[in-house]
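Open the model in your viewer and keep the sequence panel beside it. This tour says what to select at each stop and what is found there.

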Amino acid sequence: MKDSLMDVVCCPLDKADLELDADERNETEVLSGTLTCTECGETYPIEDGIPNLLPPDMRDEAAA
Amino acid sequence: MTDLAERRGLDDTVVYQPAEDSGLLAEAAIAEAGGRVLEVGTGSGWVAAQIADERGLEVVGSDLNPHAARQAGERSVEAVVADLLSPFRADAFDTICFNPPYLPTDPDNEWDDWMEHALSGGETGRELIEPFLADVGRVLAPAGVVLLLVSSLTGYDEVLALVDNAGFDHEVVDEESFPFETLTVLALRR
């Protein structure tokens, strides 16, 4: 994901701002890291450059 | 076979690939889109990539299916795994496109895999259209446009009633008839 995506995404649960914590980047994108809700503290993973912003219950169901 | 080829082969069987409905939505979106664009349920990312290429706009593609998000990402779409509009900010997009899973499906016949999620609109065919229309006004910028693909199989009049309830006016921007259904792209504005 590009940093500019931060302008349009929010926490799917309470619509609060997210904080980006990048573990790995290339010239244009964040490849892996975490998005954390500044309100409820829920975390959302970024893997292979794609953030997973499903609510936690749906994320767990999709992984199963 | 390499891991990458294996992964691509798998993605193709579990991600909805471009069809007639995709072509119709892309045509309408290329004509109507402006500003910042979101395609909900982007699937393979083909429509989103058409809009980005033809119009030079920034396009975000979201899908419930992580395999779909990955394919969209490979088409240089900014991909997000999401449930409809839930992780997007208020007034974030000027154009929002949606080709919903719309086939009415008997609950006894649901087959519960990624392709079903891409095709089935539940018993009425409107199970995804309803929550989409209920939330899209929040995410759409004040002068923005929603481009919604509607199949006659889903109940055209019923969808128009939902559009009206959500506070939008509608205009038909494209329509095409096939042996078993008529597909219409509606432009929704406040």
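The stops below go from whole chains to a shared core and then to single residues.

**Stop 1: chain B**

Keep in mind throughout that this is a predicted model. Select chain B and colour it by secondary structure; 7 helices and 7 strands should appear. Followed along the sequence, the elements come in the order α-α-β-α-β-α-β-β-α-α-β-α-β-β.

Now show the C-alpha trace alone. Along its principal axes the trace of chain B spans about 50 × 40 × 30 Å. The radius of gyration of chain B is 16 Å, which agrees with the value near 16 Å for a compact globule of 190 residues. Of those 190 residues, 49% are buried. Among contacts in chain B with a separation of 6 or more, 62% join residues 24 or more positions apart.

Switch to a surface view. Chain B has an accessible surface of about 8,300 Å², and carbon and sulfur atoms hold 48% of that. Colouring by charge picks out 11 positive and 37 negative charges in chain B, whose mean positions lie 10 Å apart.

**Stop 2: chain A**

Select chain A next. Its secondary structure comes to 4 strands and 1 helix, and from the N terminus the order is β-β-β-β-α. The C-alpha atoms of chain A fill a box of roughly 35 × 25 × 15 Å along the principal axes. For 64 residues a compact globule would have a radius of gyration near 11 Å, and chain A agrees, with 11 Å.

Buried residues account for 41% of chain A. Of its contacts with a separation of 6 or more, 29% are between residues 24 or more positions apart. The surface view of chain A gives about 3,400 Å² of accessible area, with 41% belonging to carbon and sulfur atoms. Chain A carries 4 positive and 17 negative charges, and their mean positions are 5 Å apart.

**Stop 3: the largest nonpolar core**

Show both chains and select A:Leu18, B:Phe88, B:Phe93, B:Ile96 and B:Phe132. In the largest nonpolar core, which has 41 residues, these five touch the most other members. Chain A gives two or more residues to this core from each of strand E2 (30-37) and strand E3 (43-47). On the chain B side, the elements that do so include strand E4 (93-98), helix H6 (129-139) and strand E5 (140-151). The largest share comes from H6(B), with 5 residues.

A second core, of 28 residues, lies apart from this one; A:Ile50, B:Val59, B:Val77 and B:Val185 are among its members.

Return to A:Leu18 and display its surroundings. Beyond its neighbours within four places in sequence, A:Leu18 is in contact with residues including A:Met6, A:Val9, A:Leu35, A:Tyr44 and A:Leu53. The cysteines A:Cys10, A:Cys11 and A:Cys37 are also among its contacts.

**Stop 4: two residues with positive phi**

Select A:Lys15, in the segment before strand E1 (18-25) of chain A. Its phi is positive, about 65 degrees, although A:Lys15 is not a glycine. Is this residue buried, partly exposed or exposed? A:Lys15 is partly exposed, because its relative accessible area is 35%.

Finish at A:Asp48, in the loop between E3 and strand E4 (50-51) of chain A. A:Asp48 is not a glycine either, yet has a positive phi of about 50 degrees. With a relative accessible area of 60%, A:Asp48 counts as exposed, the cut-off being over 50%.

Conventions: Residues numbered from 1 in each chain as written. Chains lettered and ligands numbered in written order. Predicted model: local features only at pLDDT ≥ 70, side-chain atom pairs only at ≥ 80, totals over all residues. Heavy atoms only, no water. Rg over C-alpha atoms; globule rule 2.2 N^0.38 Å. Buried < 20%, exposed > 50% of the residue type's maximum accessible area, 1.4 Å probe, protein only. Contact = heavy atoms within 4.5 Å. Areas by Shrake-Rupley, 256 points an atom, 1.4 Å probe, with all protein chains shown as cover. Lys, Arg positive; Asp, Glu negative; His and termini not counted. Charge placed at Lys NZ, Arg CZ, Asp CG, Glu CD. Core = buried A, V, L, I, M, F, W, Y, C linked by side-chain atoms within 4.5 Å.
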